Each structure stands twice: as C-alpha cells, then as structure tokens.
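Q: Please display the model that is to be discussed. The questions that follow ask why each term is applied.

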Amino acid sequence: MLKHYSVLKNELTRGLEWQGGVLLDCTLGFGGHSFAFLESNPNTQIYAFDRDSSAIALAKERLKDYASRVCFYHHPFSHVLESLSDDVLKQTRGIIADIGVSSMQLDEE
Ligand SMILES: C[S@@+](CC[C@H](N)C(=O)[O-])C[C@H]1O[C@@H](n2cnc3c(N)ncnc32)[C@H](O)[C@@H]1O
C-alpha cells in the first residue's frame with residue numbers, strides 16, 4: 001500500500017463543519033481528503049476531479065468501499081461547470097481544492 005499523507009485533513013472536515021451532502025473535490029489526488037469526508041458522514045456524495053489519470057486510478061482503488069458515493073472525472077477542475085448537471089451544482093454544499101502536485105508526482109517521472 002502506498003504511503004501518503006493528506007495535509008490538513010482533520011482541519012478541513014472540522015472547518016467545513018461537514019453534515020453530509022454533495023461535495024466537489026477539485027483535486028482528488030490519492031483521495032485522502034475525499035476518504036475523510038466519506039468516512040465522516042454516510043450521506044456524503046462526492047464528485048471528484050483530477051487531471052492525472054494515475055491519481056484517478058489509485059484513488060478509485062483507495063475509495064472502492066465507497067464506490068457508490070463517488071463519481072470520478074479525469075478532467076481539470078476548470079471543467080467542473082460543464083461536467084456536472086445543474087441539479088448537482090445546486091445541491092453542492094462544499095468545494096475543496098488542494099491545489100498543486102502530490103508527493104507521488106514528485107517521486108515518479
Ligand atoms: C496535493 S494533490 C491532492 C491530494 C489530495 N487532496 C489527497 O488528499 O490525496 C494535488 C492534485 O491536484 C491535481 N491537479 C493539479 N492541477 C489540477 C487541475 N487543474 N485540475 C484537476 N486536478 C489538478 C494533481 O494531479 C494532484 O493529483
């Protein structure tokens with residue numbers, strides 16, 4: 001299993017005072033932040049974006065126990081508005097963006 005630590009994970013879930021609902025994860029990465037939100041509330045539904053297909057593949061494996069509550073998009077987050085329906089956008093209660101590169105991307109060419 002890949003070792004990976006998401007920055008400010010607890011601060012994020014606490015800071016948003018998350019009560020469940022639709023969350024957009026603009027930068028899924030290895031899925032650590034999404035995992036924390038899915039685990040913290042069974043009513044969490046996530047729409048997750050990443051421009052890196054390897055990140056999406058790893059996150060899919062990591063989040064497989066929550067597969068029915070996550071939709072994955074291999075797109076840059078600039079495509080959020082055109083990728084999601086108006087209904088989903090209206091229901092959205094939180095947006096997270098952990099912008100940058102992941103340590104995996106620095107470790108591997
Ligand atoms: C710091 S990592 C995210 C880590 C993630 N929050 C976690 O807990 O595992 C940043 C991610 O943002 C992605 N990324 C960078 N620019 C992006 C963009 N314009 N649209 C979507 N994803 C992007 C990178 O591919 C990388 O996987």
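Q: Which residues does Asp98 touch, not counting residues up to four places away in sequence?
A: Asp98 touches Val7, Thr27 and His33, where a contact requires heavy atoms within 4.5 Å. Asp98 itself lies in the loop between E4 and helix H6 (103-107). Its C-alpha atom is separated by 8.8 Å from that of His33, which is 65 residues away along the chain.

Q: What conventions apply to the numbering and to the values?
A: The model is predicted, so local features need pLDDT of at least 70 and side-chain atom pairs count only at pLDDT 80 or more, whereas totals for chains, interfaces and linings use all residues. Residues are numbered from 1 along each chain as its sequence is written, and side-chain values use heavy atoms, with hydrogens and water left out.

Q: Why is Asp98 called partly exposed?
A: Buried means under 20% relative accessible area, exposed means over 50%, and partly exposed is the range in between (1.4 Å probe, protein chains only). Asp98 has a relative accessibility of 38% and therefore counts as partly exposed.

Q: What makes Ser6 a polar partner of the ligand?
A: A polar contact is a pair of N or O atoms within 3.5 Å; within protein, one must be able to donate a hydrogen and the other to accept it, and residues adjacent in sequence count only if both atoms are side-chain atoms. An N or O atom in the side chain of Ser6 is 2.6 Å from an oxygen atom of the ligand, so this pair meets the distance limit. The backbone also takes part: an N or O atom of Gly31 lies 3.2 Å from a ligand oxygen, and one of Phe77 lies 2.9 Å from a ligand nitrogen. Taken alone, the ligand exposes 610 Å², of which the protein buries 90%; accessible areas come from the Shrake-Rupley method with a 1.4 Å probe, and for residues only the protein chains shown count as cover.

Q: How many residues surround the ligand, and which are the closest?
A: There are 21 such residues, the closest being Ser6, His33, Asp50, Asp98 and Gln105. A residue qualifies as near a molecule or strand if one of its heavy atoms lies within 4 Å of it.

Q: What makes a set of residues a nonpolar core?
A: The set must consist of buried Ala, Val, Leu, Ile, Met, Phe, Trp, Tyr and Cys residues joined through side-chain atoms within 4.5 Å. The largest such core has 13 residues, and those with the most contacts inside it are Leu23, Leu28, Phe37, Leu38, Ile46 and Val70. Helix H2 (32-40), strand E2 (44-49) and helix H3 (53-62) each supply at least two of its residues; helices (H or I, at least four residues) and strands (E, at least two) are DSSP runs, numbered from the N terminus. A second, separate core of 8 residues includes Val22, Tyr47, Phe49 and Tyr73.

Q: Why is Leu38 called buried?
A: Leu38, found in helix H2, has a relative accessibility of 1% and therefore counts as buried. Beyond four places in sequence, Leu38 is in contact with Thr44, Ile46, Leu63, Tyr66, Arg69 and Val70. On the same basis, the contacts of Val70 are Leu38, Gln45, Ile46, Ala48 and Leu63.

Q: Which other parts of the fold do the buried residues of H2 pack against?
A: They pack against H1, strand E1 (21-25), E2, H3, strand E3 (70-73) and strand E4 (92-96). The buried residues of H2 are Gly32, His33, Ser34, Ala36, Phe37 and Leu38.

Q: How do you know that Cys26 is in no disulfide?
A: A disulfide is a pair of cysteine sulfur atoms within 2.5 Å. The nearest cysteine sulfur to that of Cys26 belongs to Cys71 and is 14 Å away, so the pair does not qualify. A search of the whole structure finds 0 disulfides. Cys26 counts as buried at 11% relative accessibility, whereas Cys71 is partly exposed at 27%.

Q: Why are Leu8 and Glu17 called exposed?
A: Leu8 has a relative accessible area of 57% and is therefore exposed; Glu17, at 60%, also counts as exposed. Leu8 is placed in the segment before H1, and Glu17 in the loop between H1 and E1. Phi is near 55° for Leu8 and near 45° for Glu17, in each case a positive value in a residue other than glycine.
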